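Got the sequence and the model open? Let's walk through it with a few questions.

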Amino acid sequence: MRATIIIPTYNERENIPGLIAELERVSSSLNVLIVDDNSPDGTGTVAEELARCRDWVRVLHRPEKLGLGTAYVDGFRLALANGAERIITMDADFSHHPRYIPPLLEASEEYDVVIGSRYVPGGGTRHWPWYRVLLSWGANTFVRFMLNLHTHDCTAGFRCYRREVVEAIEPHTIRSNGYSFLVEVVYRCERQGWRIGEVPIIFADRRRGASKISRQEIYRAMWMVWRLRFCGDPVWR
């Protein structure tokens, strides 16, 4: 099958060369699309250098930091235009290790959406302080309860979608932009009846660089949950 991996980047210069090398070891048949938001540290330039000698790597340069959600939307659009049958999303900081890509693709033969999950048997986190584990677990519990979702890891960004799912959920119509975009995608997938499977992964803290999650992003995510709970999805009611 034709699979494209979408990797949004912002200040990931230190991580992206190692990630591309690891992806190359995992499979030579994957296409990679790096979506860079004009990173001040020169990530886009490094990505272009990597793509110059690898025809399976492509870089989409955006003019400024426009948010994770719109990075996925732009990536989805290009992946679909290039004929991808499976679309994988992952972070650039090695918290999502490429070794889990084959199990994600294998599970996508049975499920429409496959999530690399921390919260199913065999999954977990590594090198996280206790308060961060508690925050993540609490956020997922809150989301599942408020939105009546069956997915265990609703905030995970390591996912594999079948082409027809991305076409059907119309990601460009999703109102959230940052990490809350991920929750709204799961919400829409479940409401439309797509089969969601979860593959256990060990989520490791980033190797280099700083986390992009801000307090404002947490507040926006909480508001998004309340909006969906009491107002529903204006596109798919």
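**A buried tyrosine, a buried strand and the overall fold**

Tyr187 has 7% relative accessibility, so this residue counts as buried (buried is under 20% relative accessible area, exposed is over 50%, and partly exposed is in between, with a 1.4 Å probe and protein chains only). This is a predicted model, where local features need pLDDT of at least 70 and side-chain atom pairs count only at pLDDT 80 or more, while totals for chains, interfaces and linings use all residues. Residues are numbered from 1 along each chain as its sequence is written, and side-chain values use heavy atoms, with hydrogens and water left out.

Q: Which helix is Tyr187 found in?
A: Helices here are DSSP runs of H or I with at least four residues, strands are E runs of at least two, and both are numbered from the N terminus. The helix that holds Tyr187 covers residues 180-192. That's α7.

Q: Leaving aside neighbours within four places in sequence, which residues is Tyr187 in contact with?
A: Contact means heavy atoms within 4.5 Å. Take Leu147: it sits 40 residues from Tyr187 along the chain, yet their C-alpha atoms are separated by 7.4 Å. Beyond the sequence neighbours, the contacts of Tyr187 are Leu147, Leu149, Leu228, Gly232 and Asp233.

Q: How many of the residues of strand β5 are buried?
A: In a regular strand, side chains alternate between the two faces of the sheet. In β5, Val113, Ile115 and Ser117 on one side are buried, and so are Val114 and Gly116 on the other. The strand is largely enclosed by the rest of the structure, because the buried count is 5 of the 5 residues.

Q: Which strand runs parallel to β5?
A: Two strands pair if DSSP finds at least two bridges between them. With β7 (residues 159-162), β5 shares 3 bridges and runs antiparallel; there, Ile115 has Arg159 as its bridge partner. On the parallel side there are 5 bridges, to residues 196-200, and Ser117 stands opposite Pro200. The parallel partner is β8.

Q: What is the radius of gyration of the protein?
A: The protein has 8 helices and 9 strands. For 237 residues the globule rule (2.2 Å times the number of residues to the power 0.38, with the radius taken over C-alpha atoms) gives 18 Å. The model comes close to that, so it is as compact as a globular protein of that length, with a radius of gyration of 17 Å.

Q: What share of the 237 residues is buried?
A: The cut-off is the one used for Tyr187, under 20% relative accessible area. Across the protein, buried residues make up 51%.
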